[in-house]
Amino acid sequence: MALVINDRVKTTSTATGTSQTTFAISATPATGFQSFDAGVGTGNTTYYAIFNQGTSQWEVGLGTLSTSTNLQRTTILDNSNDDTSAIDFTGGTKDVFCTLPASKAVYLDASGDPVPALASKGFATAMAIAL
């Protein structure tokens, strides 16, 4: 199981509740995007975001695509409740997409210094070039 970060991976879901093992997602990608199965691959992990359209509910985490239509919400990094619990999503359509959480990013600030400060300048530059 690899960590896969990919661009333009987005779909929808109508799943509700807090289930971390059976969060059903559509196999059909949003228009102009690729599906999770194509962009991440079954069995791989990725950083994801879920936003419940028309509400203030959202969640960012690390998840595993266990099947082409099932995203396991393994680790919740942040959410609209300002904690690390799985959001109890209400009804409605949710946008589900790959993301790179700010807390996981390494980059150079305006002065050319690495952020977070524990990263070396060479590492941050290599990451910036790779991305």
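Trainee: What share of the contacts in the protein with a separation of 6 or more comes from residues 24 or more positions apart?

Mentor: Good place to start! Residues 24 or more positions apart account for 59% of those contacts. Do keep in mind that this is a predicted model.

Trainee: How do I read the confidence, and which elements score lowest and highest?

Mentor: The idea is that pLDDT gives the predictor's confidence in each residue, from 0 to 100. Here the average is 90, and 89% of the residues score at least 70. Among the elements, helix 2 (residues 121-130) has the lowest mean pLDDT, 55, while strand 1 has the highest, 98.

Trainee: How many helices and strands should I look for?

Mentor: Look for two helices and eight strands. Going along the sequence, you will meet them in the pattern β-β-α-β-β-β-β-β-β-α.

Trainee: What order do the strands take in the open sheet?

Mentor: First, the general idea: strands of a sheet pair through backbone hydrogen bonds, either parallel or antiparallel. In this structure, an open sheet of six strands runs in the order 1-6-3-4-5-2, and the pairing is antiparallel. Strand 1 (10-13) and strand 2 (23-24) are the edge strands, each pairing on one side only.

Trainee: Over how many bridges do strand 3 and strand 6 pair?

Mentor: Strand 3 (residues 45-52) and strand 6 pair over five bridges, in the antiparallel sense. To find one pair on the screen, start at Asn52: its bridge partner in strand 6 is Lys94.

Trainee: Now for burial. Is Thr64 buried or exposed?

Mentor: A residue counts as buried when its relative accessible area is under 20%. Thr64 has a value of 11%, so Thr64 is buried. You can find Thr64 in strand 4 (residues 58-67). Leaving aside residues up to four places away in sequence, Thr64 touches several others, including Met1, Gly43, Asn44 and Leu71. Across the protein, buried residues make up 35% of the 131 residues.

Trainee: And where is Leu100?

Mentor: Leu100 sits in the loop between strand 6 (94-98) and strand 7 (107-108). With a relative accessible area of 37%, Leu100 is partly exposed.

Trainee: Which residues make up the nonpolar surface patch?

Mentor: Leu100 makes the patch together with Leu3 and Ile5, and the patch covers about 260 Å². As for the surface overall, the protein exposes about 6900 Å², with carbon and sulfur atoms supplying 54% of it.

Note on methods: Residues numbered from 1 in each chain as written. Predicted model: local features only at pLDDT ≥ 70, side-chain atom pairs only at ≥ 80, totals over all residues. Heavy atoms only, no water. Patch = residues over 30% accessible without salt bridge, like charges linked within 9 Å, V, L, I, M, F, W, Y side chains within 5 Å. Areas by Shrake-Rupley, 256 points an atom, 1.4 Å probe, with all protein chains shown as cover. Salt bridge = Lys/Arg side-chain N within 4 Å of Asp/Glu carboxyl O. Helix = DSSP H or I, 4+ residues; strand = E, 2+ residues; numbered from the N terminus. Buried < 20%, exposed > 50% of the residue type's maximum accessible area, 1.4 Å probe, protein only. Contact = heavy atoms within 4.5 Å. Pairing = 2+ DSSP bridges.
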